[in-house]
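Thanks, everyone. Today I want to look at one domain interface. Here is the chain.

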Amino acid sequence: MSKITAAITAVGKYVPEYVLTNKMLETMVDTNDEWITTRTGIKERRILKEKGKGTSFMAIKAAEDLISKTNLNSKEIDLVIVATATPDMQAASTSAFVASEIGATEAFSFDQISACSSFLYGMSTAASYIESGRYKKILLIGADMNSSMIDYTDRTTCIIFGDGAGAVLFEPNREGLGLQDEYLRTDGNGREFLKVDAGGSILPASEETIKNKQHFVHQDGRTVFKFAVSNMAGVSEKVLERNKLSKEDITWLAPHQANKRIIEATARRMNLDMDKVMINIHKYGNTTSATLPLLLNDYETQLRKGDTIIFAAFGGGFSWGAIYFKWAYNSN
Ligand code: UT7
């Protein structure tokens, strides 16, 4: 019997309608379109504005988009993983709510929380369950409402982040397609450089934490940038090397969308032309856990069965990694 591999067989997406452009940000903080475009590659981002709606709202919409495109029966889903850095609430699992709302009543679910690497690590988790033969249909959703933790008076962070969600379905494959190899890393020394100080167990919410703006994202951009470039490129090279892949073997690089300059540096280190690199940062900014599935949605019609994709991500923690993947279907 041939080995079971874990393939992606469908994708879906949701981004909020509200568009926050660089021009609009110029009226909110001391910045300009030229600075944002040249330093980050971002032109606009989507923001979920409706009161009372959070990450689960977008995750459900992305899942429903996938379900409507495939006629998938929700009751056949075995597991729902919501990769996120912005869960709906503390304590209550966001994924449990999402699974119920989409009618995945026969599934169990959990949240995968690993900053910008949440979706990448979720791919590894989903694939392991499929490869083991234990489960057959796993819905992996990357969703983040970054606007819930951004200070829109802080020009160093508010220009970067956006909201959105993307979903993928993992199923067993008998043709050797899907996840081939992975190299995933973490380094806790990095946590000082990108974090939300308060609201967790170390520093619960108080009048003082609110006054000190400690519920917002703070990052040392330069340090994160430096580590992101060297680590994302490093793991991507490692995956190529140990699978004996040359640049000709790679159809696509699907990199986390944090900064266009980080993406370009990673491609350069891999010796890849930019026309092989998936990019949508100009439209959505950094959507944390949603960047990789949003790329797959935006490029779905260009992907061909057997295409070789290198996924790479870097984020808070620090957490990072690369996955070597073979695409399993033609969408048209
Ligand atoms: O997804 C999770 C991982 N996150 C990342 O990968 C983010 C990594 N970091 C970055 O993408 C970049 O570091 C940033 C986009 C955040 C910043 O770009 P940079 O080229 O590293 O700029 P910088 O922080 O070195 O700042 C350069 C200058 C500073 O002014 P001085 O000190 O040179 O006078 C900043 O105050 O640019 C200033 N600046 C701005 N100017 C206009 C910072 N933000 C802005 C802004 N508009 N929005």
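Domain 1 and domain 2 bury about 3700 Å² between them, and 59% of that is on carbon and sulfur atoms. Buried area here is the accessible area (1.4 Å probe) that two parts lose on being put together, summed over both. This is a predicted model, where local features need pLDDT of at least 70, side-chain atom pairs count only at pLDDT 80 or more, and totals for chains, interfaces and linings use all residues. Numbering runs from 1 along each chain as its sequence is written, and side-chain values use heavy atoms, with hydrogens and water left out.

Which residues of domain 1 lose the most area to domain 2? Cys116, Leu120 and Tyr121, together 17% of what that side buries.

Now the bounds. Domain 1 is 5-176 and domain 2 is 180-326, from an automatic or database domain assignment. Their C-alpha centres lie 14 Å apart. The contact (heavy atoms within 4.5 Å) takes 54 residues from domain 1 and 48 from domain 2.

Next, polar terms. The rule finds four salt bridges across the interface, each a side-chain nitrogen of Lys or Arg within 4 Å of a carboxyl oxygen of Asp or Glu. Take Glu175 and Lys305: their side chains meet in a salt bridge at 3.1 Å, N to O.

Last, composition. By class, the side of domain 1 that touches domain 2 has 23 nonpolar, 18 polar and 13 charged residues. Nonpolar means Ala, Val, Leu, Ile, Met, Phe, Trp, Tyr, Cys and Pro; charged means Asp, Glu, Lys and Arg; the others, Gly among them, are polar.
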